[in-house]
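Welcome! Here is a short, friendly tour for anyone meeting this protein for the first time. Take a look at the sequence and the structure, then read on.

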Amino acid sequence: MCYANSSLQILYHCEPFRTQILSLKLDPNQQHILYELQDLFKQIGSQKKSSGAFNHKRFVTALKKNNVVFDNDEH
């Protein structure tokens, strides 16, 4: 999970990427990986503190579901 945290932080701080993800019109019922990433970015952006922890389990679950390469607990 450490690598997932680092990767998500890098993606979030890449402003053009974050802007594109946040502008997507996605259906929350599909549980798509992009929806989970968008939801996570929204949580981070709405945080009042300058630091803190976020639950990324739904994103990681969607990632594992969509790509068997990530369907394990290896780094």
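Which backbone oxygen does the side chain of Gln 38 reach? It is the backbone oxygen of Leu 24, at 2.8 Å. Keep in mind that this is a predicted model. The notes below start with the whole protein and then visit three of its residues.

**The overall fold**
- The protein has four helices and zero strands, so following the sequence from start to end gives the pattern α-α-α-α.
- Of its 75 residues, 21% count as buried.
- About 5900 Å² of the protein is exposed, and 53% of that area comes from carbon and sulfur atoms.
- If you take the contacts between residues at least 6 apart in sequence, 41% of them join residues at least 24 apart.

**How confident the prediction is**
- The mean pLDDT of the protein is 82, with 87% of the residues reaching 70 or more.
- Confidence is highest in helix H2, at a mean of 96, and lowest in helix H4 (residues 57-66), at 81.

**Gln 38**
- You will find Gln 38 in helix H3, which covers residues 33-46.
- Gln 38 counts as buried because its relative accessible area is 3%, and the cut-off for buried is under 20%.
- Setting aside neighbours within four places in sequence, Gln 38 is in contact with Ile 21, Leu 22, Ser 23, Leu 24 and Leu 26. Leu 24 is thus both one of these contacts and the residue whose backbone oxygen the Gln 38 side chain reaches.

**Arg 18**
- Arg 18 belongs to helix H2, made up of residues 15-23.
- Is Arg 18 buried or exposed? Arg 18 is buried, yet it has no salt bridge.
- The nearest side chain of opposite charge is that of Glu 15, 4.5 Å away; there is no salt bridge because such a pair has to come within 4 Å.
- A polar atom of the Arg 18 side chain does lie 2.6 Å from the backbone oxygen of Tyr 12.
- Tyr 12 also appears among the residues that Arg 18 touches, alongside Leu 11, His 13 and Phe 41, not counting residues up to four places away in sequence.

**Lys 64**
- Lys 64 sits in helix H4.
- Lys 64 counts as partly exposed because its relative accessibility is 21%.
- Lys 64 and Ile 33 are 31 residues apart along the chain, and their C-alpha atoms are separated by 9.3 Å.

Key:
Residues are numbered from 1 along each chain as its sequence is written. This is a predicted model: local features need pLDDT of at least 70, side-chain atom pairs count only at pLDDT 80 or more; totals for chains, interfaces and linings use all residues. Side-chain values use heavy atoms; hydrogens and water are left out. Helices (H or I, at least four residues) and strands (E, at least two) are DSSP runs, numbered from the N terminus. Buried means under 20% relative accessible area, exposed over 50%, partly exposed in between (1.4 Å probe, protein chains only). Lys and Arg count as positive and Asp and Glu as negative; His and the chain ends are not counted. A polar contact is a pair of N or O atoms within 3.5 Å; within protein, one must be able to donate a hydrogen and the other to accept it, and residues adjacent in sequence count only if both atoms are side-chain atoms. Contact means heavy atoms within 4.5 Å. Accessible areas come from the Shrake-Rupley method with a 1.4 Å probe; for residues, only the protein chains shown count as cover. pLDDT is the predictor's confidence in each residue, from 0 to 100.
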